[in-house]
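This report describes one protein model for a reader who is new to structural analysis. Please consult the sequence and the structure below while reading.

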Amino acid sequence: MRTNFGPAEDLLIELDRDAGVPLHRQIERSIRAGIRAGLLRAGASLPPTRTLATGLGVSRGVVVEAYQQLVAEGYLVSRSGGYTQVAASMPPAAAGSAASTAQPAARSVGFRVDFGYGRTDVSQFPRAAWLRSVRTVLTTTPNDRFAYLDGRGVPELHEALCDYLNRVRGTSAVPGNVVICNGYGQGISLLIQVLVQHGARRIALEDPSSNDDARVLAGAAGLDVVGIPVGPDGVQVDALHRADADAVVLTPSHQWPTGGVLSAAARAEVIRWAERRGAIVVEDDYDAEYRYDRLPVGAMQGLAPDHVVYCGTASKTLAPGLRLGWLIVPPQMVADVAAAKVLADRGSPVIDQLTFADFLARGEFDRHLRRMRPVYRRRRDALLDALRTHLPDLEPAGIAAGQHVVAWLPPDLDEAAVVTAAARHGLAIHGVGPYRIAGTGPGGLIFGYATLGEAAIAEGVALLATAIRDVRGP
């Protein structure tokens, strides 16, 4: 059936009700093919779901499910109160095995479901509230704020961040110790430069941990990198004592990727270690705002502001494309970190900083987080329900917070074999193995769920169950 799409009028939707293929899958396939073939140009608006459903003679829910899946795959973008549109750019091509890439933001084309981690649902970005703050900034900001500033960033954002973080995360932040950076990637790069300047020789990282930021940057800077094993409750502090490290990078509130929470006793012991050695603890508080089944866990920085660098960003809460990050730096390091920032890029964009400061001060950030927590919680619940139904022998971990879940595999399943089999069935998923420093440990899978609708999550777990049956054989 040919439908009138307005700007996307030359799209052919063909439905075969006798094909044995769900109707929403047929709609997805037709729209996806139209985008790939160039029949639907970037930015073209698709018809409202109700309009398309009427034209095709299907229920609106069928069209909604098709649109949601294509949004999750990156072919479409949708925002509340606006049209669903073709994305500005095609998702990047998949490269080999689903476990072969360490880039969290990359999407996998050709997969029916992609459990890629490290993403936030950018379709939920609060555009109207952000625009109000932009307008305020452009109409009220003194002229001198648009000139070159020092490397720490604008004072308005320093103050707004301290108010927010001290209230919500329990930090002990003062405006004079805040340095604004372009996301965590630049922040950890600046810190490593300064640590090397101060004579650091070895840095300790959680094992497993991300392999596309601190590990790469520390090695490039000439630091020895040592992995500290992670258990169910976070990093094993006794191993840290034996590491002879000058700094350690931790994700204590929700360890990446295992999800463990560092206990109060372990936090205190890490602080004692840092004080005895004159070492620095780098606290990556990457997704602490999203918690579902537990009380909030305060930041370590509030316990020892002279020994802990607090790192935060807007990437997991608003959008990674903002490139907004912040460091709360011990007083003795502030000048050197600010100087490294100036050398890197002369400072982060002023308008973005001022906009975020206004956004925070108005309470819009709090409102956005209150709106998004139940959204992500429903997606997490859909994932856990599907795992219980289809794969009860997998052991989920780190489920109480964040935007991903790790599920440990039973001993009879090889992680790499499962990831490869999943790809053959149209499922992209990462294993834990590539993120281990020592290279050993139980097999596990990382389920990123933040950008997937509940139906896509259920389908993805069903595909994984089929793949695992293939691995296990008859």
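Is Ile31 buried or exposed? Ile31 is buried, because its relative accessible area is 0%; buried means under 20% relative accessible area, exposed over 50%, and partly exposed in between (1.4 Å probe, protein chains only). The structure is a predicted model, in which local features need pLDDT of at least 70, side-chain atom pairs count only at pLDDT 80 or more, and totals for chains, interfaces and linings use all residues. Residues are numbered from 1 along each chain as its sequence is written, and side-chain values use heavy atoms, with hydrogens and water left out.

**Helices and nonpolar cores**

Ile31 lies in helix α1 (residues 23-36). Helices (H or I, at least four residues) and strands (E, at least two) are DSSP runs, numbered from the N terminus. From Ile31 to Leu76 the sequence separation is 45 residues, and their C-alpha atoms are 9.6 Å apart.

A nonpolar core is a set of buried Ala, Val, Leu, Ile, Met, Phe, Trp, Tyr and Cys residues joined through side-chain atoms within 4.5 Å. The largest such core has 69 residues, and Phe115, Phe356 and Leu464 touch the most other members. Helix α12 (residues 364-390) supplies the largest share of this core, 9 residues. A second, separate core has 27 residues, including Cys181, Tyr184, Ile188 and Leu205. When residues up to four places away in sequence are not counted, the contacts of Phe356 (heavy atoms within 4.5 Å) are Trp130, Leu157, Leu161, Leu318, Leu324, Trp326 and Phe365.

**The two sheets**

Two strands pair if DSSP finds at least two bridges between them. One open sheet has 8 strands with mixed pairing, in the order β4-β11-β10-β9-β8-β5-β6-β7. Its edge strands, β4 and β7 (234-235), each pair on one side only. In strand β4 (residues 178-181), Val178 and Ile180 point one way and Val179 and Cys181 the other way, and all are buried.

Another open sheet has 4 strands in the order β12-β13-β16-β15, with antiparallel pairing. Here β12 (395-397) and β15 (430-431) each have a single partner strand, so one side of each is left without a neighbour in the sheet. Strand β16, by contrast, is largely enclosed by the rest of the structure, because 5 of its 5 residues are buried. From β16, Gly444, Ile446 and Gly448 point one way, and Leu445 and Phe447 the other way.

The table lists strand pairs from both sheets.

| Strand pair | Sense | Bridges | Residues that stand opposite |
|---|---|---|---|
| β4 and β11 (residues 325-328) | antiparallel | 4 bridges | Val178 and Ile328 |
| β9 (residues 280-284) and β10 (residues 308-313) | parallel | 4 bridges | Asp284 and Cys311 |
| β13 (residues 404-408) and β16 (residues 444-448) | antiparallel | 5 bridges | Trp408 and Gly444 |
| β15 and β16 | antiparallel | 2 bridges | Gly431 and Leu445 |

Strand β16 also holds Phe447, which stands opposite Val405.

**A nonpolar surface patch**

Which residues form a nonpolar patch on the surface? Leu138, Phe146 and Ile351 do so, with about 270 Å² of accessible area together. Accessible areas come from the Shrake-Rupley method with a 1.4 Å probe, and for residues only the protein chains shown count as cover. Patches are made of residues with over 30% relative accessible area and no salt bridge (a side-chain nitrogen of Lys or Arg within 4 Å of a carboxyl oxygen of Asp or Glu); like charges are joined within 9 Å and nonpolar side chains (Val, Leu, Ile, Met, Phe, Trp, Tyr) within 5 Å. Ile351 belongs to helix α11 (residues 350-361), and Ile351 counts as partly exposed because its relative accessibility is 34%.
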